[in-house]
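Q: Please take a close look at the charged side-chain pairs in this model. Then set them against the strands and helices around them.

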Amino acid sequence: MPMEMLFVSEWVKPVMNKIDSFIRNDLKSLKNYEVQPITGMKMDANESPFPLGNQFRQRMAQWIMESEDFRYYPDTECNILREKIAELYGLDKAQILCGVGSDQLIDYLTKTFLEPGDLILAPEPSFSMYRIAAMINHGRAEAIALDPKDFSYPVDDITTLCKKKNPKLLFICTPNNPTGSIIPKEDVIKILESVNCIVVLDAAYGEFTDDTYVELLEEYAHLVLLKTFSKSYGLAGLRVGYAMAQTEIIEALKKVQAPYNLNTFSQLAASMVLEGREYKNNIIWIKEEKDRIYSVLKDLEGKKGLYTFESHANFLFLKSGVPDLGARLLEQGVLVREYDGDMSMYIRVSVGTQEANLAFIKAMEGIFHD
Ligand SMILES: *Cc1c(COP(=O)(O)O)cnc(C)c1O
């Protein structure tokens, strides 16, 4: 062994033995975001059951063959995509920021607004990334318990809690993941009128309801809307999300934006999907399928403790007295979202393909017979 190698390794050894002590203390308790391995029919992640249409694929293929754009960095400003989104909502392009999924924008929001130790409030149960992003960015998170009866938003509790706790950011998810419950627009206005913080309304499933909330942006400078192409638009694999707000907030978020964050391919694909409007028919089908599954589950209601909550999104949330329900569904080839701890008796099932929905119904009827 050469001399200098020996020297280096001797010097490095004590350092290598304490990597753990270099890691931020507050991250040690943070678990990696784990995704269930894909086995069986996918009804676990609220993705679209529709593959992208042929016309779309042909246009993308043609673009790949003819374009030389991949050797250049992407457009950091996502100009074409932002124009399309602005047009869709009648907003100014300057009111939109695109991200690598809305996950990245949740991260940007906590990066931009939280001083170390600052608080966010987020509903519980809801999307876990609000809490995780706050924690990673040196903030703290506290929960707003949704009403356990129907998971509705306790509006008075929210306003009281905001006054008492003084959060920097309040997250509201509507329709809420995983419960499917919504908060009525009057209540969003009530909250906006009474709180003294940034209100982030995550409308990842907004296309499955009629409310858009976009018109509130004009009046409320402390409102941020989050949207994604991952659910109703069927582009989860390409990771495109966006935030809408007044320009002051968008400009602030740009301070923490990673340069070239959204790749060229994803920008173009999202623009094309918006233009195509195929997703609109898909949404109608998904809602009909959801209603159909819901009514079957309502027929099984009460058997072995089964209860299905009303949902305004592309998934259903249900509770049962069968502790290994997820595993038993998987035995029948159906993959659903399971939870642990307090939530271990609940599952969330996404509307899947026709085949998946039938398999799910059949499996449920088998498990919850008289
Ligand atoms: C899926 C989901 C998102 C994240 O979507 P991406 O754009 O894929 O990062 C955000 N919020 C909620 C509530 C979701 O369910």
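A: Lys42, Asp44 and Glu47 are connected to one another by a network of salt bridges. The model is a predicted one, and in total it contains 18 salt bridges. Side chains of opposite charge can pair when their charged atoms come close. Three further pairs can be taken one by one.

The first is Arg82 with Glu77, whose side chains meet in a salt bridge at 3.9 Å from N to O. The cut-off for such a bridge is 4 Å, so this pair falls within it. Its two members are covered to unlike degrees: Arg82 has a relative accessible area of 5% and is therefore buried, while Glu77, at 38%, is partly exposed.

The second pair is Asp107 and Lys111, with 2.7 Å between the closest N and O atoms. Both residues belong to helix α5 (residues 101-113), where they are four residues apart, about one turn of the helix. Lys111 has 39% relative accessibility, so this residue counts as partly exposed.

The third pair joins Glu207 to Lys227, and here the closest N and O atoms are 3.1 Å apart. This salt bridge links distant parts of the chain, 20 residues apart: Glu207 sits in the loop between β6 and α9 (216-219), and Lys227 in strand β7. Glu207 and Lys227 are both buried.

Strands β6 and β7 lead to the sheet that holds them. Seven strands make up this open sheet, in the order β2-β8-β7-β6-β5-β3-β4, and their pairing is mixed. The edge positions are taken by β2 (96-100) and β4 (140-145); each has a single partner strand, so one side of each has no neighbour in the sheet. Ignoring direction, neighbouring strands here are turned against each other by 25° on average. Within the sheet, β5 (residues 169-173) and β6 (residues 198-202) are parallel and pair over five bridges. Ile172 faces Leu201 of β6 across this pairing. Helix α4 (residues 79-89) packs on the sheet and touches β2, β7 (223-228) and β8 (240-244), with its direction at about 125° to that of β2. Helix α7 (residues 155-165) also packs on the sheet, in contact with β3 (119-124), β4 and β5; the angle between its direction and that of β4 is about 155°.

There is also an open sheet of five strands, ordered β1-β11-β12-β10-β9, again with mixed pairing. Its edge strands, β1 (41-43) and β9 (307-308), each pair on one side only. Helix α12 (residues 278-299) packs on this sheet, touching β9 and β10 (315-319), and its direction makes about 15° with that of β10. Strands β11 (residues 334-338) and β12 (residues 346-350) run antiparallel and are joined by two bridges. Glu338 stands opposite Ile347 of β12. Helix α14 (residues 354-367) lies across β1, β10, β11 and β12, at about 85° to β1.

Away from the charged pairs, the surface carries a nonpolar patch formed by Val15, Ile19, Phe22 and Ile23, which together have about 350 Å² of accessible area. Val15 belongs to helix α1 (residues 3-16). Its relative accessible area is 31%, so Val15 is partly exposed.

Conventions. Residues numbered from 1 in each chain as written. Predicted model: local features only at pLDDT ≥ 70, side-chain atom pairs only at ≥ 80, totals over all residues. Heavy atoms only, no water. Patch = residues over 30% accessible without salt bridge, like charges linked within 9 Å, V, L, I, M, F, W, Y side chains within 5 Å. Areas by Shrake-Rupley, 256 points an atom, 1.4 Å probe, with all protein chains shown as cover. Buried < 20%, exposed > 50% of the residue type's maximum accessible area, 1.4 Å probe, protein only. Pairing = 2+ DSSP bridges. Contact = heavy atoms within 4.5 Å. Axes fitted to C-alpha atoms, helices over the stretch in contact; angles between N-to-C directions.
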